[in-house]
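User: I am new to this structure and would like to learn how to read it feature by feature. Please take me through it.

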Amino acid sequence: MNKESKIYIAGHRGMVGAAIWRALTAKGYTNLLGKTSKELDLRDQTAVNQFFEAEKPEVVIDAAARVGGILANSEYPYQFLMENLQIQNNLIDTAHKSEVNKFIFLGSSCIYPKMAPQPLKEEYLLTDSLEPTNEWYAIAKIAGVKACEAIRKQFGKDYVSLMPTNLYGSHDNFDLKTSHVLPAMIRKFHEAKNSDNKPVELWGSGSPMREFLNVDDMADAVVFALENKLPEHLYNIGTGKDLTIKELAEAIQKVVGHKGEIIWDSFKPDGTPRKLMNVDKMKDAGWKASTDLEEGIQKTYQWFLNNQDKFKEVKI
Ligand SMILES: NC(=O)c1ccc[n+]([C@@H]2O[C@H](COP(=O)([O-])OP(=O)(O)OC[C@H]3O[C@@H](n4cnc5c(N)ncnc54)[C@H](OP(=O)(O)O)[C@@H]3O)[C@@H](O)[C@H]2O)c1
């Protein structure tokens, strides 16, 4: 890949897109293109066409999506299905028609069936029913994976889909109403530490097992996919290692320096007992994650401290 190639990162202000932008800049790529959703609404096919005609990107990385948790998915199923289809269809189809030969599509582990065996392998796609709470989002993402596979198969272009596990890191969402478990714990432990180390109450029993990948590792995987022609159309991106939510809480408590008690509210639901990606295909292709979880939590906590003014203190 030429360092002057024009690379369009859709969603460059998001957590993942911003990490990809940082990684490419650090590697000396000088011709990066990004537009906010206000400047270019990717749901608008005409606007996307005009943008591609004017800018002629050579490579497209799709990190733009309408994302959200269970609550948002269940309240806005139509938007989660339709907006994601619109965003990715406009990007994939316009890229294909504009002779873009390299396209990296990002999805998530929710594309796999709810009851699929663990660790999740790429081959489990479409073998059983999805998790009903986010099937709207998952169906859109599966359509994106299939569109890239079809272009690859029919036209021989390098369109590839990368499916990350749970991500965390700089630019994470620390809003306790909508955040994922890892940034929510960082914030809760931090605020409890600053309130005389009062106890931190956490949901569930602490026994479910989860996998976490630092967003900078995710960006590194995207750079790898950009610089190498991967032989297949779909790859899981993760660490291949999981830990219990209790172990995660203890690791975060240690990094933050909270000295109080942790109270587990086991009346609250635990969710799926285990969710882990099989990352053998990406390893065989030559890439693996490099950030150790404790080091990643430290970096994320530092980012939180440096950006605290953006987050209002909340009562926990
Ligand atoms: N975060 C995770 O834990 C995680 C895990 C697995 C997979 N992923 C995947 O990674 C991708 C990015 O996720 P993220 O966490 O970075 O999300 P994010 O922080 O919410 O960023 C989403 C980006 O999409 C852009 N966007 C949304 N609607 C748009 C529209 N109509 N037109 C143009 N741009 C639009 C936003 O642009 P503006 O900022 O300009 O509005 C924003 O930059 C998604 O495909 C997601 O499935 C994320």
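Analyst: Start with the ligand: one of its oxygen atoms lies 3.0 Å from a backbone N or O atom of Gly14. That is a polar contact, a pair of N or O atoms within 3.5 Å; within protein, one must be able to donate a hydrogen and the other to accept it, and residues adjacent in sequence count only if both atoms are side-chain atoms. At Val16, a polar backbone atom is 2.8 Å from a ligand oxygen. The side chain of Asp41 has an N or O atom 3.0 Å from a ligand nitrogen. The protein buries 83% of the 890 Å² that the ligand exposes when taken alone; such accessible areas come from the Shrake-Rupley method with a 1.4 Å probe, and for residues only the protein chains shown count as cover.

User: What kind of model is this, and how are its residues numbered?

Analyst: The model is predicted: local features need pLDDT of at least 70 and side-chain atom pairs pLDDT 80 or more, while totals for chains, interfaces and linings use all residues. Residues are numbered from 1 along each chain as its sequence is written, and side-chain values use heavy atoms, with hydrogens and water left out.

User: Which elements give two or more residues to the shell around the ligand?

Analyst: Helices (H or I, at least four residues) and strands (E, at least two) are DSSP runs, numbered from the N terminus. Helix H1 (15-26) and helix H5 (135-155) are the elements that do so. A residue is near the ligand if one of its heavy atoms lies within 4 Å of it. There are 25 residues around the ligand, and Met15, Val16, Ser37, Tyr137 and Lys141 come nearest.

User: How many aromatic pairs are there?

Analyst: Rings of Phe, Tyr and Trp (its six-membered ring) pair if their centres lie within 6.5 Å; planes under 30 degrees apart are stacked, over 60 edge-to-face, and the rest tilted. The count is eight aromatic pairs. In one of them, Phe174 and Phe304 have ring centres 4.9 Å apart and planes at 50 degrees, so this pair is tilted. Phe174 lies in the loop between strand E6 (166-168) and helix H6 (181-193) and Phe304 in helix H10 (residues 293-306), so the pair ties together parts 130 residues apart in sequence. Phe174, Tyr301, Trp303 and Phe304 form one aromatic cluster.

User: Is Asn236 buried or exposed?

Analyst: Buried means under 20% relative accessible area, exposed over 50%, and partly exposed in between (1.4 Å probe, protein chains only). Asn236, in strand E10 (residues 234-237), counts as buried at 0% relative accessibility. A polar atom of the Asn236 side chain lies 2.9 Å from the backbone oxygen of Leu120.

User: What should I look for in the backbone angles?

Analyst: Most residues other than glycine have a negative phi, and most peptide bonds are trans. Lys56, in the loop between helix H2 (45-55) and strand E3 (59-62), has a positive phi near 45 degrees. Lys56 is exposed, with a relative accessible area of 58%. His171, in the loop between E6 and H6, has a phi near 65 degrees, also a positive value. His171 is partly exposed, at 38%. The peptide bond from Gln118 to Pro119 is cis, with omega near -10 degrees. Pro119 lies in the loop between strand E4 (102-106) and H5.
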